[in-house]
Amino acid sequence: MGEKLISVAGTPYDTMEEVIGTRGDKRASLMGHGVLYDEIPLTENLEIDFDLLEKKIDKSCNMVTIQRSRGYSTRKSLDISTIEKIIKIVKSKNPECICFVDNCYGEFVEEKEPLEVGADLIAGSLIKNPGGGIVETGGYIAGCEDLVEQAAQRLTAPGIGCEGGAMLNQHRLIFQGLFMAPSVVSDAVKGAILASKIFENMGYVSTPKYNEKRTDIIQTIEFNAPEPLEQFCRTVQSLSPINAYVTPIPEKIPGYDSEVIMAGGTFIEGATLELSADGPMRPPFAVYMQGGLTYSHVKIVLEEIVKKLSK
């Protein structure tokens with residue numbers, strides 16, 4: 001209560017808005033519990049506003065949150081060198097400010113992780129990159145020991161912290177998934193690069209470009225109309241290993257401000273290291289494709305999508 005959180009890369013991902021308290025019922029949110037919040041808008045070119053960052057960070061700021069992946073925006077995902085620059089500016093203005101990185105979708109894509117460039121705390125999902133496609137649930141928090149312990153006290157119970165929790169017999173899968181993750185992430189990145197090149201050749205705005213440096217597994221294609229977005233997701237679903245008979249439709253989903261369409265015929269429900277695609281039903285009607293346990297599966301799906309969109 002009374003401490004300040006600042007988002008340094010514009011508005012965070014949709015589902016974080018209700019957690020923070022900028023949308024929805026504020027009572028259970030951070031703001032509802034007395035946490036102060038501010039955010040630093042992106043520049044007109046959708047880049048980090050480093051000048052404004054220097055002005056905003058002072059002794060009153062207790063934590064900055066840095067969202068590595070783009071979320072449902074069209075800004076670039078933040079590579080490690082950009083994250084390092086943000087952290088250096090923050091620490092120069094307030095050495096006590098905690099630098100927290102939402103590391104989802106970024107693990108094992110670059111040679112370094114945010115903790116290696118000065119982040120105090122990072123978190124991510126085990127049904128994304130670090131789970132290697134086999135972990136069934138859960139997430140991780142890593143970084144400074146005292147901060148990890150504080151997070152554990154909040155997530156379990158005071159006095160228990162890291163000593164207990166609902167592990168759901170996942171230990172072997174967590175270790176095995178972590179071991180496999182770099183290889184599986186590599187295939188997902190290869191699939192994203194292929195998708196980028198294909199859709200750029202078809203005339204769509206596809207980011208990142210196939211020859212750009214990557215920091216996560218997300219590939220964004222802008223369709224500027226709802227129909228191709230829906231067609232893309234339905235094709236992904238129809239060629240998924242699970243629930244291929246299901247037809248995705250746009251719908252309101254808890255935590256999101258817009259209707260969203262999601263394709264996720266995955267072995268593990270919601271696992272976005274497996275090939276999946278989703279997007280909000282709002283301009284520019286972009287699809288966010290992620291994952292792929294094998295490069296061959298991604299190629300098969302992309303071939304069918306090209307056929308459907310070319311008709």
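I began with Phe223 in this predicted model, and I noted that Phe223 is buried, since its relative accessible area of 7% falls under the 20% limit. I then looked up Tyr204, which at 22% relative accessibility counts as partly exposed.

Next I searched the whole structure for aromatic pairs and recorded 9 of them. For Tyr204 and Phe223 I noted ring centres 5.1 Å apart and planes at 80°, so I entered the pair as edge-to-face. The pair links distant parts of the chain, with Tyr204 in the loop between helix H5 (171-201) and E7 and Phe223 in the loop between strand E8 (219-222) and H6, 19 residues apart. I also wrote down a cluster in which ring pairs link Tyr13, Tyr72, Tyr256 and Tyr288.

I turned to the sheet and found it open, with 5 strands in the order E7-E8-E11-E10-E9 and antiparallel pairing. The edges are taken by strand E7 (205-207) and strand E9 (260-263), each with a single partner strand, so one side of each has no neighbour in the sheet. On average, neighbouring strands of this sheet are turned by 15° against each other, direction ignored. Within the sheet I followed E10 (residues 276-280) and E11 (residues 286-290), which pair in the antiparallel sense over 3 bridges, and I noted Met289 in E11 as the bridge partner of Ala277.

Last, I checked helix H6 (residues 226-238) against helix H7 (residues 295-309), and recorded a packing angle of about 145° with the axes 9 Å apart, in a right-handed crossing. The contact includes Phe232 and Val236 from H6, and Val301 and Ile305 from H7, and its residues divide into 6 nonpolar, 2 polar and 2 charged.

Note on methods: Residues numbered from 1 in each chain as written. Predicted model: local features only at pLDDT ≥ 70, side-chain atom pairs only at ≥ 80, totals over all residues. Heavy atoms only, no water. Pairing = 2+ DSSP bridges. Helix = DSSP H or I, 4+ residues; strand = E, 2+ residues; numbered from the N terminus. Axes fitted to C-alpha atoms, helices over the stretch in contact; angles between N-to-C directions. Left-handed = near helix turned anticlockwise from the far one by under 90°. Contact = heavy atoms within 4.5 Å. Nonpolar A, V, L, I, M, F, W, Y, C, P; charged D, E, K, R; others polar. Phe/Tyr/Trp six-rings, centres within 6.5 Å; stacked < 30°, edge-to-face > 60°. Buried < 20%, exposed > 50% of the residue type's maximum accessible area, 1.4 Å probe, protein only.
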